[in-house]
Amino acid sequence: MTVHAVCPGSFDPVTHGHLDVIRRASLTFDRVTVACMRNVSKRGGLFDLDDRLAMLKEVTSDLPNVELAVFKGLLVEFADEHGIDVIIKGLRAVSDFEYELQMAQMNRSIGHIETMFLSANPEHSFLSSSLVKEVARFGGDVSDFVPPLVAERLADRYRTDEAT
Ligand code: PNS
């Protein structure tokens, strides 16, 4: 039996924290789909879907059992349509736990699918796409937090924004 996992998220943009979870999932499961949510309605949405996917593609290209997909609507429907067995989430801190627990229970209730949590690498426990964007927006160095390609894209984006 092969086990197919999904790592869902907005990936706006992908960080070393996401990559650590994706990488570890790829070592644990036969097949991993990184599912990028189509609409980032959250405040502070920066990159469009094509940009987020292009960055994800580049930084996961060394992981042979990882594929990318886009989803909108309910994650459980995507999981059902794609034969996904398990949802993988990273937990950074206790503050993540309450919401993630609720989502896991709701997804289990409506979609009959298990969620498994990977504990974030302590080096990444404070890391989020939102904070990375904030640091980059004000010209801070984000090279410890995101792959070089993403750092470049962030710098380009905020340079362009400044110019307009
Ligand atoms: O990277 P993010 O923004 O923290 O990812 C959140 C995401 C996309 C995993 C979550 O919001 C999600 O699964 N959204 C899809 C809609 C859905 O199924 N919601 C959960 C119902 S409990």
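Modeller: A residue is called buried when its relative accessible area is under 20%, exposed when that area is over 50%, and partly exposed in between. The model discussed here is predicted.

Biologist: With those limits in hand, is Arg31 buried, exposed or partly exposed?

Modeller: The relative accessibility of Arg31 is 38%. Because a residue has to fall under 20% to be buried and over 50% to be exposed, Arg31 counts as partly exposed.

Biologist: Which residue meets the side chain of Arg31 in a salt bridge?

Modeller: The partner belongs to a distant part of the chain, since the pair joins strand β2, where Arg31 lies, to strand β3, with the two positions 36 residues apart. At 29% relative accessibility this partner counts as partly exposed. The N to O distance of the bridge is 2.9 Å, and the residue that meets Arg31 is Glu67.

Biologist: In what order do the five strands of the open sheet stand?

Modeller: The pairing throughout this sheet is parallel, and neighbouring strands are turned by 35° against each other on average when direction is ignored. β3 (66–71) and β5 (114–119) have a single partner strand each, so they stand at the edges with one side left without a neighbour in the sheet. Read across, the order of the five strands is β3-β2-β1-β4-β5.

Biologist: Where β2 pairs with β3, which residue of β3 is the bridge partner of Val32?

Modeller: Strand β2 covers residues 31–37 and pairs with β3 in the parallel sense over six bridges. For Val32, the bridge partner in β3 is Val66.

Biologist: Which two strands does helix α4 touch as it packs on the sheet?

Modeller: Elsewhere, helix α2 (residues 49–59) lies across β2 and β3, running at about 155° to β2. Helix α4 (residues 94–111) has a direction that makes about 175° with that of β4, and the strands touched by α4 are β4 and β5.

Biologist: Asp51 and Arg157 form a salt bridge; how far apart are their closest N and O atoms?

Modeller: Asp51 lies in helix α2 and Arg157 in helix α6 (residues 148–163), so their pairing ties together parts that are 106 residues apart in sequence. Asp51 is buried, with a relative accessible area of 16%, whereas Arg157 is partly exposed at 21%. Both residues also belong to a network of salt bridges that includes Arg153. The closest N and O atoms of Asp51 and Arg157 are separated by 3.4 Å.

Biologist: Arg24 and Asp20 also meet in a salt bridge; which helix do they both lie in?

Modeller: The bridge between the side chains of Arg24 and Asp20 has an N to O distance of 2.8 Å. Arg24 counts as partly exposed at 27% relative accessibility, while Asp20, at 15%, counts as buried. The two positions are four residues apart, about one turn of the helix, and both lie in helix α1.

Biologist: Which element gives the most residues to the largest nonpolar core?

Modeller: This core has 33 residues, of which Val14, Ile22, Ile88 and Leu154 touch the most other members. Ile22, for instance, touches residues including Cys7, Phe11, Val34 and Leu56. Several elements supply at least two residues each, among them β1 (4–9), α1, β4 and α6. The element that gives the most, with five residues, is α2.

Biologist: How many residues make up the other core, to which Ala69 and Phe78 belong?

Modeller: That core lies apart from the core with 33 residues. Its members include Ala69, Leu75, Phe78 and Ala79, and their core has a total of 11 residues.

Biologist: Over what arc around the axis of α5 do its buried residues lie?

Modeller: The buried residues in helix α5 (residues 129–137) are Ser129, Val132, Lys133 and Ala136. They are on the same side of the helix, because the arc covered around the axis is only 100°.

Biologist: What separation is there between the C-alpha atoms of His82 and His18?

Modeller: His82 has its place in the loop between α3 (75–81) and β4 (86–91), and with a relative accessible area of 39% this histidine is partly exposed. His82 and His18 are 64 residues apart along the chain, and their C-alpha atoms are separated by 21 Å.

Note on methods. Residues are numbered from 1 along each chain as its sequence is written. This is a predicted model: local features need pLDDT of at least 70, side-chain atom pairs count only at pLDDT 80 or more; totals for chains, interfaces and linings use all residues. Side-chain values use heavy atoms; hydrogens and water are left out. Buried means under 20% relative accessible area, exposed over 50%, partly exposed in between (1.4 Å probe, protein chains only). Two strands pair if DSSP finds at least two bridges between them. Axes are lines fitted to C-alpha atoms, for helices over the stretch in contact, and angles run from 0 to 180 degrees between N-to-C directions. Contact means heavy atoms within 4.5 Å. The arc is that of the directions from the helix axis to the C-beta atoms. A salt bridge is a side-chain nitrogen of Lys or Arg within 4 Å of a carboxyl oxygen of Asp or Glu. A nonpolar core is a set of buried Ala, Val, Leu, Ile, Met, Phe, Trp, Tyr and Cys residues joined through side-chain atoms within 4.5 Å. Lists of a residue's contacts leave out its neighbours within four places in sequence.
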